[in-house]
Amino acid sequence: SARDPHNVVAAFAGQCGVFSGLCMLFTLLYPLYKLYRYRFSKTLQAAVFWSGTVFFIHSLIDCDWHVPALPAAMGIWFALAIDSAGNTEISNAWKNKKELFFRIFTTFLAITSIILNGYVLKGDHALSQLQERLSPQSVESAAHIRHLSVEKVFQNAFIYRSKSAVVHIIRGDYFRSQQNWLQAEKSYLKALKIDPLRPGIYLRLAKLAQVQNKSGEVEAFLLKAHQLAPRNPKYSLEKLRSEVEKL
């Protein structure tokens, strides 16, 4: 489920390459092109066109809960709503046997989107419980999950976020707060194995090395964090060194 940076085209381009981003852009724009010819119609075409326009613009702005299957499926449905002759009866398009493939395909996409969105929601819920268990925002919320041990909420998060570095980072932060340096290091290294290009992990390892008086490792981790994000002021060497020296 492409979610960040809240733009489905940019997300696909950033995570899967420029070609994938162009494919998603085509998926969004092609139905609009097909419907553009009927944009001034006072009948069904106008309603389909403008509702489709609103949907696709929304997909470009915020895709937090959009599985990529949804824009594809909706685009096909919108395109099928108007045939090449400009007929306004939706039923006319469905009577053609060649549309059977699209019916099967959109049904598959709909089922997939429901399943994947459910999985994403469960994962977000588990991650929310983890963060709330470690850093309660209120007495009421803390009481709601007090029966769950820290290890239990970690296990729940790992079920749905097994390939996410975030859970391991949170786990490392927890052990570091408990001064369990060994377990904190193990968690950070697991996160690093999943996402070796995240500079924040190296910063955390530098802080861990600092409190353990491993001065040789501190500079190496800070340099790596800076090299991964050299133009980000947050990861300038001066700022990184200053942040570690405060520990």
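Helices here are DSSP runs of H or I at least four residues long, numbered from the N terminus. Keep in mind as you click around that this is a predicted model.

**Stop 1: α1 and the glycine after it**

Select residues 8-16, which make up helix α1. Now colour Val8, Val9, Ala11 and Phe12: these are the buried residues of α1. Turn the view until you look down the axis of α1; the buried residues fall within an arc of 165°, so they line one face of the helix. There's a handy rule behind patterns like this: an α-helix has 3.6 residues a turn, so residues three or four places apart point the same way. Next, click on Gly17, which follows α1 and has a positive phi, near 105°.

**Stop 2: α8 and its neighbours**

Jump to residues 150-160, helix α8. Which residues of α8 are buried? Pick out Val150, Val153, Phe154, Asn156 and Ala157. They cover an arc of only 160° around the axis, so they sit on the same side of α8. What do they pack against? Show α6 (100-134) and α9 as well, and you'll have both partners of those buried residues on screen.

**Stop 3: α9 meets α10**

Keep α9 (residues 165-177) and add α10 (residues 181-194). The two axes come within 8 Å and cross at roughly 165°. Angles over 145 degrees count as roughly antiparallel, so α9 and α10 get that label. Their crossing is left-handed.

Now show the side chains where the two helices touch. On the α9 side, select Ala165, His168, Ile169, Arg171, Gly172, Asp173, Phe175 and Arg176. Their partners in α10 are Trp181, Gln183, Ala184, Ser187, Tyr188, Lys190, Ala191 and Ile194. Try colouring this contact by residue type: you should get eight nonpolar, four polar and four charged residues.

**Stop 4: two loop residues with positive phi**

Stay with α9 and α10 for a moment and zoom in on the loop between them, where you'll find Gln179. Gln179 is not a glycine, yet its phi is positive, about 60°. Is Gln179 buried or exposed? Its relative accessibility is 59%, so Gln179 counts as exposed.

For the last click, go to the loop between α11 (199-211) and α12 (215-228) and select Asn213. Asn213 also isn't a glycine, and it has a positive phi of about 60°. With a relative accessible area of 70%, Asn213 is exposed.

Key. Residues numbered from 1 in each chain as written. Predicted model: local features only at pLDDT ≥ 70, side-chain atom pairs only at ≥ 80, totals over all residues. Heavy atoms only, no water. Axes fitted to C-alpha atoms, helices over the stretch in contact; angles between N-to-C directions. Parallel < 35°, antiparallel > 145°, perpendicular 65-115°, else oblique. Left-handed = near helix turned anticlockwise from the far one by under 90°. Contact = heavy atoms within 4.5 Å. Nonpolar A, V, L, I, M, F, W, Y, C, P; charged D, E, K, R; others polar. Buried < 20%, exposed > 50% of the residue type's maximum accessible area, 1.4 Å probe, protein only. Arc of directions from axis to C-beta.
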